[in-house]
Amino acid sequence: MADLRLGDLEVAVLEDLWGAGADHAKAVHGRLGGRRGISLNTIQSTLERLYRKGLLERTKEGHAYTYAPAMERERLLARLIEGATAPVAGSDGADTLLTAFVDFAAEQDEAALDRLEALIARKRSRDSEGRG
Amino acid sequence: MASLVLILAAIGLVVAAATAGLSHLARPAVMGRLVALPEGQRANLLLLWAWLPPLAGLLAVAAVLVPSLLTAAGLMADHCLLHGTHHSHLCLLHPGTTPTVPAAGPLLALMAGLLAGGAAWKGRQLARAGRSWRTLRRVAAWERGDRTRILESGRPVAATVGLLRPTVLVSRGLLERLDPPQARAVCAHEAAHRRRRDPLRLALARAGTALHLPGTRRALYGALALAVERAADEAAARSVGDRLAVAEALLAAARMRPAAAPGPGFCEAPLEARIQALLADAPAQGSPWRGAGSALAGLTVAVLALSPQFHHGLETLLGHI
């Protein structure tokens, strides 16, 4: 899961099913196919890929499968965030192509954070006294 | 011709290695001076320093080729024929006068293969590192159209992702746990990273430092990472109009981190350095390219000025080998 990769179409299909709840390939194609100019076959193989990745569940109804999201958006996002931030911890953060506001993988030192908080508070009160 | 190219490549590599060695020796003194500079200027100079070994290697090759190029442009007399054939020549125009290196072709192919292999490996590593973030960006893309995307997740995330068209990803969970000035500070900080294309700078530094010695490589990258964060902190402070709000946002975000992750990680020093800098008065602002531009111009002028001596010195040296 740490290495979960999703293409544009896969995300579009997931979005569609998050909205629709559960549906079969033809219905998904009806909503996405025309707009994106893609065939029913492409939608079917995308649904199959998402099912294999564990992101969709399916049940057989007659000759066709009905697909439903296996997890809510928030849970998928949480797993993607976990996957995206995990390598930062293992590779000293140097090989990722991002800048993060704070390094979420760095070890916490509560005592140091408390000390910094006290410094900020002191400066804040000095500043407001200076203005007052 | 293969011999000439091989000799030029060897000259480039020797000069690059010498520059890496000198960088290692001069590091403590130079780092000490860089710390005093405004962060934007410091970040640019550090990026230039990261690229100094390959740059010096290329400039050395250029210095060797300047007489041939000037001759071809009709700006100089054909020096190698004037000098006669008492020693061999590093001349593009008369390949027959170059010293012959045995098995130059296969050696050159080996070097090119190693270089291409190394570049491909590095490229794959970088692509793999960005892959999960690209997926995250896609999932977020449907929620808001502009270049700041909100992740509907309770987990704290604030990051700028992407090399040429960077995107800011901020999670709802982070924004909701900050007060409004702090949330504005986080968004302004990330917007500054996006405008400055900091992910690209870091990737470029990563590629450039490949020829530095390991200790210098880590130190340069660490110093650059801190400099780009400081530059974004200052931009956020100017945008929000409250330096302490940025410091408070940093502290609040640091407290939201999940429990200690495995691996080395950064120590608290960068966070402490950033907060201490925000507690001090705003630094003076200067042109961020000051220093880097003049250093590059100086290097180019030096190469042009010293080219004849360098060129003939090498020819004499090769004549003795």
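Which residues touch the most other members of the largest nonpolar core? They are B:L46, B:V186, B:L224, B:V246 and B:L250, in a core of 93 residues. Helix α9 (residues 214–240) of chain B gives this core its largest share, 14 residues. In soluble globular proteins, nonpolar side chains tend to be buried together. One of the listed core residues also reaches across to the other chain: B:L250 touches A:V102. Its other contacts, leaving out residues up to four places away in sequence, are B:L271, B:R274 and B:I275.

The model is predicted. The predictor gives the complex an ipTM of 0.73 and a pTM of 0.81.

## The two chains side by side

| Property | Chain A | Chain B |
|---|---|---|
| Helices | five helices | 12 helices |
| Strands | four strands | three strands |
| Buried share | 30% of 132 residues | 40% of 321 residues |
| Contacts at least 24 apart, among those at least 6 apart | 43% | 71% |
| Mean pLDDT | 83 | 83 |
| Residues at pLDDT 70 or more | 81% | 89% |

## Chain A

From the N terminus on, the elements run α-β-α-α-β-β-α-β-α. Three of the strands form an open sheet in the order β1-β3-β2, with antiparallel pairing. Strands β1 (23–24) and β2 (56–61) stand at the edges. Each has a single partner strand, so one side of each is left without a neighbour in the sheet.

Strand β2(A) is joined to β3 (residues 64–69) of chain A by six bridges, and the two run antiparallel. One pairing places A:L56 opposite its bridge partner A:P69 in β3(A). Helix α1 (residues 8–20) of chain A packs on this sheet and touches β1, β2 and β3 of chain A. The direction of α1(A) makes about 85 degrees with that of β3(A). Helix α3 (residues 40–52) of chain A lies across β2 and β3 of chain A. The angle between α3(A) and β2(A) is about 120 degrees.

Helix α5 (residues 110–131) of chain A is another matter. What should its 22 residues span? At 1.5 Å a residue the expected value is 32 Å, and the end C-alpha atoms are 32 Å apart, which agrees. Helix α5(A) is hardly covered: one of its 22 residues is buried.

## Chain B

Strand β2 (residues 158–161) of chain B is covered on both faces. On one side B:A158 and B:T160 are buried, and on the other B:A159 and B:V161 are buried. In a regular strand the side chains alternate between the two faces of the sheet. Strand β2(B) pairs with β3 (residues 167–171) of chain B through four bridges, and the strands run antiparallel. Within this pairing, B:A159 has B:L169 of β3(B) as its bridge partner. Five residues lie between the strands of this hairpin. In the hairpin, B:G162 takes a positive phi near 110 degrees.

The hairpin region also meets a helix. B:R194 sits in helix α7 (residues 180–196) of chain B. Is B:R194 buried or exposed? B:R194 is buried, because 20 other C-beta atoms lie within 10 Å. Beyond residues up to four places away in sequence, B:R194 touches B:R147, B:T160, B:P166 and B:V168. B:T160 is one of the buried residues of β2(B). B:R147 is 47 residues from B:R194 along the chain, yet their C-alpha atoms are separated by 8.8 Å.

## Where to read with care

Confidence varies along chain A. The lowest element is strand β4 (residues 98–100) of chain A, with a mean of 64, and the highest is α3(A), at 95. Over residues 89–95 of chain A, pLDDT stays under 50. The model still has 17 contacts for that stretch beyond four places in sequence.

Chain B averages a pLDDT of 83. Its residues 259–268 fall below 50, and this stretch has 19 contacts in the model beyond near neighbours in sequence. Where pLDDT is low, the predicted coordinates should not be read in detail.

How values were computed:
Residues numbered from 1 in each chain as written. Chains lettered and ligands numbered in written order. Predicted model: local features only at pLDDT ≥ 70, side-chain atom pairs only at ≥ 80, totals over all residues. Buried ≥ 20, exposed ≤ 12 C-beta atoms within 10 Å, placed from the backbone. Contact = placed C-beta atoms within 7 Å. Expected span 1.5 Å × (residues − 1). Pairing = 2+ DSSP bridges. Axes fitted to C-alpha atoms, helices over the stretch in contact; angles between N-to-C directions. Core = buried A, V, L, I, M, F, W, Y, C linked by C-beta atoms within 7 Å. pLDDT = per-residue confidence, 0-100.
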